[in-house]
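Student: Could you walk me through how to read a fold like this one, feature by feature? I would like the general idea and then the case at hand.

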Amino acid sequence: MIRYYALAAGILGLDQATKHLALSTLQPGYSVDVLPFLSWTLAFNTGAAFSMFQGAGGAIAVIAVCVSGYLAYAIWKLRETWFEGVCYAFVLAGALGNLADRAQHGHVVDFVHVHYGWFNFPVFNVADSAITLGAAGWIWLLLVDMRRRRATPES
């Protein structure tokens with residue numbers, strides 16, 4: 001269980017360090033091209049992950065506190081696979097990273113911009129990526145579990 005808290009702390013540290021770097025080196029409204037499909041673009045988000053639900057920062061902060069509390073408890077009680085712990089740690093770190101931004105700045109700091117031609121994905125950060133990866137893993141585990149239960153005849 002401690003290793004999952006350590007993983008979450010590491011991801012949280014990476015998230016906060018990259019946001020600090022973005023704030024200290026980038027200017028809002030300007031992009032620095034890294035690759036033909038990737039730019040560093042400083043943006044401020046008052047909504048949820050990937051700029052959804054703009055202006056709902058207070059409600060999102062309350063939800064983030066509740067989800068973080070649940071995940072910290074779930075990790076403490078975890079008796080399942082290591083992958084489930086990793087998924088919980090990723091979502092916990094992402095929620096705490098964006099919550100820290102809201103508490104410190106009143107908004108979330110985003111800086112990763114993926115785009116190509118007509119495709120223009122919303123600017124995001126390490127915390128958003130962690131939430132997405134953790135949630136995707138969690139969904140995968142649920143699907144695997146559902147399939148296993150359907151394949152196992154009831155006694």
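Student: Is strand 3 largely enclosed or open, and how many of its residues are buried?

Tutor: Keep in mind that this is a predicted model. To judge a strand, count its residues under 20% relative accessible area. In strand 3, 7 of the 9 residues are buried, so the strand is largely enclosed by the rest of the structure. Tyr116 belongs to strand 3, yet this residue is exposed, with a relative accessible area of 57%.

Student: What does Tyr116 touch, leaving aside residues up to four places away in sequence?

Tutor: Its contacts of that kind are Pro36 and Phe37. The pair Tyr116 and Phe37 is a nice case of sequence versus space: they are 79 residues apart along the chain, but their C-alpha atoms are 5.0 Å apart.

Student: Now the sheet. In what order do the strands lie?

Tutor: A general point to carry along: in a regular strand the side chains alternate between the two faces of the sheet. Here, 4 strands make an open sheet in the order 1-2-3-4, with antiparallel pairing. Strand 1 (31-35) and strand 4 (119-120) are the edge strands, each pairing on one side only.

Student: How many bridges hold each pair of strands?

Tutor: Take them in order. Strand 1 and strand 2 (residues 38-45) pair over 4 bridges, and Ser31 stands opposite Thr41 of strand 2. Strand 2 and strand 3 pair over 6 bridges; there, Trp40 has Val112 in strand 3 as its bridge partner. Strand 3 and strand 4 are joined by 2 bridges and run antiparallel, with His115 opposite Asn120 in strand 4.

Student: Which residue in the hairpin of strand 3 and strand 4 takes a positive phi?

Tutor: That is Gly117, with a phi near 60 degrees; the hairpin has 2 residues between the strands.

Student: Let's move to the helices. Which strands does helix 3 lie across?

Tutor: Helix 3 (residues 82-105) lies across strand 2 and strand 3 (108-116), and runs at about 125 degrees to strand 3.

Student: And how do helix 3 and helix 4 pack, in terms of axes?

Tutor: Two packed helices are described by the angle between their axes and the distance between the axes. The axes of helix 3 and helix 4 (residues 126-151) come within 7 Å and cross at roughly 150 degrees. Angles over 145 count as roughly antiparallel, and the two helices are therefore roughly antiparallel to each other. Their crossing is left-handed. Residues in the contact include Phe83, Tyr88 and Gly94 of helix 3, and Ala127, Ile131 and Trp138 of helix 4.

Student: Last topic: which residues of the largest nonpolar core touch the most other members?

Tutor: In soluble globular proteins, nonpolar side chains tend to be buried together. The largest nonpolar core has 14 residues, and Tyr4, Ala8, Leu71, Ile75, Tyr88 and Leu92 touch the most other members. Helix 1 (2-25), helix 2 (57-77) and helix 3 each supply at least two of its residues. Helix 3 gives the largest share, 6 residues. Another core, of 9 residues, lies apart from this one, and among its members are Leu26, Leu38, Leu42 and Phe124.

Student: What does Tyr4 touch, not counting residues up to four places away in sequence?

Tutor: Its contacts include Ile75, Leu78, Trp82, Val86 and Ala89.

Conventions. Residues are numbered from 1 along each chain as its sequence is written. This is a predicted model: local features need pLDDT of at least 70, side-chain atom pairs count only at pLDDT 80 or more; totals for chains, interfaces and linings use all residues. Side-chain values use heavy atoms; hydrogens and water are left out. Two strands pair if DSSP finds at least two bridges between them. Contact means heavy atoms within 4.5 Å. Axes are lines fitted to C-alpha atoms, for helices over the stretch in contact, and angles run from 0 to 180 degrees between N-to-C directions. A nonpolar core is a set of buried Ala, Val, Leu, Ile, Met, Phe, Trp, Tyr and Cys residues joined through side-chain atoms within 4.5 Å. Buried means under 20% relative accessible area, exposed over 50%, partly exposed in between (1.4 Å probe, protein chains only). Angles under 35 degrees count as roughly parallel, over 145 as roughly antiparallel, 65 to 115 as roughly perpendicular and the rest as oblique. A crossing is left-handed if the near helix is turned anticlockwise from the far one by less than a right angle, and right-handed if clockwise.
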